[in-house]
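This report walks through the strand architecture of one protein, then turns to a single residue and to the pocket. Please keep the sequence and the structure at hand while reading.

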Amino acid sequence: METVELAAEIRETRPKSRRRRLRHEGRIPAVLYGPKTQATPIAISSVELRSRVSASARQRLMRLKSSSPELNDRHVIVKEIQRAPVSGAFVHADFYEVDLTQPIRVEVPLRFVGKAPGVAEGGILQPLVREVEVECLPLEIPEAVEVDVSGLNIHDVIHVSAVTFPGNLKPIFDTDYPVVTVLPPTVAEAPVAAAAAEAAPVEGAEGAEGGAAAPAAGAAAEAGAKEGAKGAAKEGAKEAAADKGGGQKKG
């Protein structure tokens, strides 16, 4: 794995306003620690750190460059980065010092490669996890672990035990969890297909439709006549009531 350099300096922790001054200078406060390293407050460039860390290489190995002998040439990985909630700017970082001769456990991104036959049939490739925990030497940390999906049909699943890990990488997991699958096509296509089937003419259906048209028209006319009769009856009742009322007033 490629090792990149990162400039760092020991920082003062007092007064607290010093942190705000660091950020105004384009630097952020950070902490360096490790199994044999006492927690040490340091300052690094926010822009430089952002250029060293990416979504595809979060666990990149770095070598600190500093005028301080206690920091210079130490190998570290990023353990945690705190960001501003709105802008997403880096505001703090934790670095873990590693021993190049001792294996460590890190999270490595997964990279899905190949063309799944299930996708060609209309399915949807659905990653279930984006990272996997592995154990390896610091210099052997890969940029990503590739997962070949070229054998996946609809409903097929690849589990972590079936993933090929390069070199001396050892996957760490308690259960054989699924990594990626191919989902079936969305159900929204079913009503569209049904509507198309209804709209398509069927041989011999034209005569049947013509034969059914007359009874349907007769039924509609009969229903209309009944409604008209009901309406006329209601109007007649209203007029009779009005005449009766008028006669009582005259008497």
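## Strand S6 and its neighbours

Strands S2 and S6 run parallel and are joined by 4 bridges, and within this pairing Ala30 has Ala93 of S6 opposite to it. The model in which these pairings appear is a predicted one. With strand S5, which covers residues 75-83, S6 pairs in the other way listed here, for these two strands run antiparallel and are joined by 7 bridges; in that pairing, Val76 stands opposite Glu97 in S6. Strands of a sheet pair through backbone hydrogen bonds, and they do so either parallel or antiparallel.

S5 and S6 also form a hairpin, with 6 residues between the strands, in which Gly88 takes a positive phi near 80 degrees. Is strand S6 largely enclosed or largely open to the outside, and why? Of the 8 residues of S6, which spans residues 90-97, 6 are buried, and the strand is therefore largely enclosed by the rest of the structure.

## The barrel

S6 is part of a barrel that 6 strands close in the order S1-S3-S2-S6-S5-S4, with mixed pairing. From one strand to the next, the twist averages 45 degrees. The order of the strands places S2 between S3 and S6, and while the pairing of S2 with S6 is parallel, strand S2 (residues 27-34) pairs with strand S3 (residues 37-45) in the antiparallel sense, over 7 bridges.

Ala30 can be followed across both of these pairings: Ile42 is opposite this residue in S3, and Ala93 is opposite this residue in S6.

## The open sheet

There is also an open sheet of 4 strands, whose order is S10-S7-S9-S12 and whose pairing is mixed. Its edge strands are S10, at residues 145-148, and S12, at residues 170-171, each of which pairs on one side only.

Within this sheet, strand S7 (residues 104-113) and strand S9 (residues 131-136) pair in the antiparallel sense over 6 bridges. In that pairing, the bridge partner of Pro109 is Glu131 in S9.

## Pro127 and its contacts

Which strand holds Pro127? This residue is found in strand S8, which covers residues 124-127. Pro127 has a relative accessible area of 16%, and because a residue counts as buried under 20%, Pro127 is buried.

Leaving aside residues up to four places away in sequence, Pro127 touches Phe112, Val179 and Val180. For Val180, the C-alpha atom is separated from that of Pro127 by 4.3 Å, although the two residues are 53 residues apart along the chain.

## The largest pocket

The largest pocket has a volume of about 170 Å³. Its lining consists of Pro35, Lys36, Thr37, Tyr96, Glu97, Val98, Asp99, Gln102, Pro103 and Ile104, and these residues divide into 5 nonpolar, 2 polar and 3 charged.

Several of these residues link the pocket to the strands described above. Glu97, a lining residue, is the residue of S6 that stands opposite Val76, and Ile104, which also lines the pocket, falls within strand S7 at residues 104-113.

## The protein as a whole

Taken together, the secondary structure comes to 5 helices and 13 strands. The protein has 251 residues, of which 28% count as buried. Among contacts between residues at least 6 apart in sequence, 66% join residues at least 24 apart, and the contact of Pro127 with Val180 is one between residues 53 apart along the chain.

Key:
Residues are numbered from 1 along each chain as its sequence is written. This is a predicted model: local features need pLDDT of at least 70, side-chain atom pairs count only at pLDDT 80 or more; totals for chains, interfaces and linings use all residues. Side-chain values use heavy atoms; hydrogens and water are left out. Two strands pair if DSSP finds at least two bridges between them. Axes are lines fitted to C-alpha atoms, for helices over the stretch in contact, and angles run from 0 to 180 degrees between N-to-C directions. Buried means under 20% relative accessible area, exposed over 50%, partly exposed in between (1.4 Å probe, protein chains only). Contact means heavy atoms within 4.5 Å. On a 1 Å grid over the protein atoms alone, a cavity is a set of points where a 1.4 Å probe fits but cannot get out, and a pocket is an open set with protein on both sides within 12 Å along at least five of seven lines; lining residues have an atom within 4 Å of a point. Grid points are joined across faces, edges and corners, and a volume is the space filled by probe spheres set on the points. Ala, Val, Leu, Ile, Met, Phe, Trp, Tyr, Cys and Pro count as nonpolar, Asp, Glu, Lys and Arg as charged, and the others, Gly among them, as polar.
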